[in-house]
Amino acid sequence: MTAVSAGPALLEARGIAKTFGRVTALSDATFSAYAGEVSAIVGDNGAGKSTFIKILSGALMPDGGELLLDGAAVHFTSPQDARDHGIETVYQDLALAPALDVAANLFLGRELRLPGPLGRLGFLDDRAMRERARREIDDLHVGLSSVQQPVFTLSGGQRQAIAVARATAWGKRIVIMDEPTAALGVRESAMVLKLIERIKNAGLAVIMISHSMPEVFEVADRITILRLGRTVRRMRRDETSMTDVVAFMTGASVEHVADIER
C-alpha cells in the first residue's frame with residue numbers, strides 16, 4: 001500500500017473527539033496537512049466537517065485527541081491563538097466589512113499606526129496599509145483597479161479573493177478555506193481555484209472543505225473523508241476517483257483509517 005506521507009506533516013490531528021451535550025459531532029477524526037499541498041476534507045451533511053474546522057482553527061477546543069504542529073502538541077484556546085501559530089481561516093461568510101475599502105479589510109483588526117506621537121494617539125498609517133495591500137493583491141494576481149475600492153462594489157469572486165488575500169497576508173503557514181466557492185458562478189469559482197493553486201505554490205499548506213467533487217479533484221493533493229464524525233479514509237487524489245470518494249462518504253464502502261491509511 002502507498003503511504004500518504006512523503007515527509008512530516010505540518011499540522012496533524014489524531015483521534016479528535018467533540019460532543020455537544022448528547023450529540024457526538026466528532027468521535028475519531030484524523031487528518032494531516034503538508035506544506036505546499038492542498039488537503040481536502042469532504043463528507044456528507046452531518047459528517048462533522050464544520051466542527052472539525054473550528055477545532056483546527058481554534059474556535060472550538062476538542063474533548064479528546066490531540067493536535068500537532070511540526071510534530072509538537074499544540075492546544076489552541078482561541079482563533080487568535082491559532083493565528084499566532086500562522087494559521088488563518090476563510091469562513092463562508094468571509095467576515096468582510098462592506099463599507100470599508102480593500103486595504104482597510106486586509107488590515108481589519110491589525111491596523112498599522114503612524115510612527116511617533118501621532119501613532120500613540122491612534123492615527124493610522126493609511127499609506128503603508130495601502131502599499132502592503134497592493135502588494136498582497138498583486139502577488140495573487142487579483143484584478144482590482146484600486147485597493148481603495150469599497151468592498152460593497154466588488155463581485156462575489158473579488159470579495160472571496162480579498163478574504164483569501166487577507167488570510168495569506170497573515171497566515172504564514174496554513175490557510176483553511178471553508179467552502180471557498182459557495183454561491184459563486186463558474187467563472188468566479190475558477191478564479192478562486194487559481195488563487196488556491198497560487199497559495200499552494202507559495203509553499204503554504206491549504207486545507208479546503210468543499211461539497212464540490214470536481215473542484216476537490218481539480219486542486220487537492222490529498223483527500224480526507226469524514227462520515228458520522230469519524231475519518232473513514234485518507235488517500236491521495238491521484239490514487240482514487242470521485243465514485244470511490246462518494247462511496248465512502250455515503251457508507252457504500254466502509255473502511256476505517258486505522259485499518260488502512262493511504
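## Salt bridges: the term and the network

A salt bridge is a side-chain nitrogen of Lys or Arg within 4 Å of a carboxyl oxygen of Asp or Glu. In this predicted model, Glu-12, Arg-14 and Glu-66 are joined in a network of such bridges. The structure holds ten salt bridges in total.

Side chains of opposite charge can pair when their charged atoms come close. Three further pairs are described below, each with its place in the chain and its exposure.

## Three pairs across the sequence

Glu-37 and Arg-222 meet through their side chains in a salt bridge, at 2.4 Å from N to O. Glu-37 sits in the loop between β2 (23-33) and β3 (38-43), and Arg-222 belongs to strand β9 (residues 222-227), so the pair ties together parts that are 185 residues apart in sequence. Both ends can be placed by exposure. Glu-37 is buried, with a relative accessible area of 15%. Arg-222 also counts as buried, at 5% relative accessibility. The cut-off for buried is under 20% relative accessible area.

Asp-70 pairs with Arg-173 in a salt bridge, and their closest N and O atoms are 2.5 Å apart. Asp-70 lies in the loop between β4 (64-69) and β5 (72-74), while Arg-173 lies in the loop between α6 (156-170) and β7 (174-178), so this bridge ties together parts that are 103 residues apart in sequence. Arg-173 is partly exposed, with a relative accessible area of 28%. A third bridge links Arg-110 and Glu-88, with 2.6 Å between the closest N and O atoms. Here Arg-110 is in the loop between α3 (102-106) and α4 (117-120) and Glu-88 is in strand β6 (residues 87-90), so the parts tied together are 22 residues apart in sequence. Arg-110 is partly exposed at 23% relative accessible area. Glu-88 is buried, at 7%.

## Overall build

The protein has nine helices and ten strands. Its C-alpha atoms fill a box of roughly 60 × 40 × 35 Å along the principal axes. The radius of gyration is 19 Å; a compact globule of 262 residues would have a value near 18 Å, which agrees.

Of the 262 residues, 49% count as buried. Contacts with a separation of 6 or more were tallied by distance along the chain: residues 24 or more positions apart account for 65% of them.

## Surface and charge

The accessible surface comes to about 12,200 Å². Carbon and sulfur atoms hold 51% of that surface. The protein carries 30 positive and 32 negative charges, and the mean positions of the two sets are 3 Å apart.

## Two residues with positive phi

Most residues other than glycine have a negative phi. Glu-179 is not a glycine, yet its phi is positive, at about 50 degrees. Glu-179 lies in the loop between β7 and α7 (186-201). It is buried, with a relative accessible area of 11%.

Leu-228 also has a positive phi of about 50 degrees and is not a glycine. Leu-228 is found in the loop between β9 and β10 (230-236). Its relative accessibility is 62%, and Leu-228 therefore counts as exposed, the cut-off being over 50%.

## Two local contact sets

Glu-218 lies in helix α8 (residues 213-219). Neighbours within four places in sequence aside, Glu-218 is in contact with Leu-193 and Glu-197. The C-alpha atoms of Glu-218 and Leu-193 are separated by 8.3 Å, and the two residues are 25 residues apart along the chain.

Gln-149 is found in the loop between α5 (126-139) and α6. With a relative accessible area of 19%, Gln-149 is buried, since the cut-off is under 20%. Which residues does Gln-149 contact, leaving aside its neighbours within four places in sequence? They are Leu-100, Asp-101, Val-102, Leu-144 and Leu-154.

Key
Residues numbered from 1 in each chain as written. Predicted model: local features only at pLDDT ≥ 70, side-chain atom pairs only at ≥ 80, totals over all residues. Heavy atoms only, no water. Helix = DSSP H or I, 4+ residues; strand = E, 2+ residues; numbered from the N terminus. Buried < 20%, exposed > 50% of the residue type's maximum accessible area, 1.4 Å probe, protein only. Rg over C-alpha atoms; globule rule 2.2 N^0.38 Å. Contact = heavy atoms within 4.5 Å. Areas by Shrake-Rupley, 256 points an atom, 1.4 Å probe, with all protein chains shown as cover. Lys, Arg positive; Asp, Glu negative; His and termini not counted. Charge placed at Lys NZ, Arg CZ, Asp CG, Glu CD.
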